Amino acid sequence: MSNDGKKVRAHYRGTLDDGTQFDSSYDRGEPIEFTCGAHQMIAGFDAAVMEMEVGEKKTVHIPADQAYGQHRKELVFRIPAEQVPNIDQVHTGDHVFLSGPAGQPIPAVVLEVLPEGVVIDANHEMAGKDLNFEIELVEVLD
């Protein structure tokens, strides 16, 4: 029985290949709710839940291409100092938002602050990483 197009609730624990946990719905005490197959989740997670039954648990390994994609060098770039408001208050490691073509916010991280500008990485923080998930399908709502 496919869950495609159905709203589902699932608990999960996400880890990197070295065992480091990066996220867990269990820790928050609330399962995640999403429509299966609607591209609301990373592709590998969506695919894993597609054929699960309520109460079923599984562990999946999701390669970077089915998660947040590969790290893209073109998303690391320099912004000239004169285009950075309050550059004296910007620090390495700061999380900032850039404006996309349609004005949508794009999260990024400051890699370096130099006299001539800042180096920004607009890749998702999990880009280029294979992910592991323990998934438990809690409920199918429709």
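**A quick walk through the protein chain**

Okay, let's start with how much of this thing is tucked away: of the 142 residues in the protein chain, 37% count as buried. Before I go on, please remember that we're looking at a predicted model.

So what is the chain built from? There are 2 helices and 9 strands. If you read along the sequence, the order goes β-β-α-β-α-β-β-β-β-β-β. The radius of gyration is 19 Å, well over the 14 Å that the globule rule gives for 142 residues, so the chain is more spread out than a compact globule. Along its principal axes, the C-alpha trace spans about 60 × 35 × 25 Å.

A few more whole-chain numbers. Take the contacts with a separation of 6 or more: 62% of them are between residues 24 or more positions apart. On the outside, the chain exposes about 8600 Å², and carbon and sulfur atoms supply 51% of that. Then there are the charges, 11 positive and 25 negative, and the mean positions of the two sets are 3 Å apart.

Now let's zoom in on a helix. Is helix H2, residues 43-50, enclosed or in the open? Well, 6 of its 8 residues are buried, so H2 is largely enclosed by the rest of the structure. The buried ones are Gly 44, Phe 45, Asp 46, Ala 48, Val 49 and Met 50. And what covers them? The cover includes four strands: E1 (7-16), E3 (32-35), E4 (57-62) and E9 (131-140).

Next, the strands further along, and I'll begin with E6, residues 95-99. How many of its 5 residues are buried? The number is 0, so E6 lies largely in the open. Strand E6 does have a partner, though: E6 and E7 pair in the antiparallel sense over 5 bridges. To give you one spot to click on, Val 96 has Ala 108 as its bridge partner in E7. The two strands form a hairpin with 5 residues between them. In that turn, have a look at Gly 103, which has a positive phi of about 85°.

While we're on E7, there's a proline in that strand, Pro 107. Leaving out residues up to four places away in sequence, Pro 107 touches Val 96, Phe 97 and Ala 122. If you want a sense of distance, Gln 66 is 41 residues apart from Pro 107 along the chain, and their C-alpha atoms are separated by 20 Å.

Keep following the chain and you reach strand E8, residues 117-121. What's the burial like here? E8 is mostly covered, with 5 of its 5 residues buried. Strand E7, residues 105-114, is joined to E8 by 5 bridges, and the two run antiparallel. One example is Val 113, whose bridge partner in E8 is Val 118. The connection is a hairpin again, this one through 2 residues.

E8 has another pairing too. Strand E5, residues 76-80, is joined to E8 by 5 bridges, also antiparallel. There, the bridge partner of Val 76 is Asp 121.

So if you trace that stretch by pairing, E5 goes with E8, E8 goes with E7, and E7 goes with E6. Along the way you meet E8, with 5 of 5 residues buried, and E6, where that number is 0. That's my tour, thanks for listening!

Key:
Residues are numbered from 1 along each chain as its sequence is written. This is a predicted model: local features need pLDDT of at least 70, side-chain atom pairs count only at pLDDT 80 or more; totals for chains, interfaces and linings use all residues. Side-chain values use heavy atoms; hydrogens and water are left out. The radius of gyration is taken over C-alpha atoms; the globule rule is 2.2 Å times the number of residues to the power 0.38. Buried means under 20% relative accessible area, exposed over 50%, partly exposed in between (1.4 Å probe, protein chains only). Contact means heavy atoms within 4.5 Å. Accessible areas come from the Shrake-Rupley method with a 1.4 Å probe; for residues, only the protein chains shown count as cover. Lys and Arg count as positive and Asp and Glu as negative; His and the chain ends are not counted. The place of a charge is taken as NZ of Lys, CZ of Arg, CG of Asp or CD of Glu. Two strands pair if DSSP finds at least two bridges between them.
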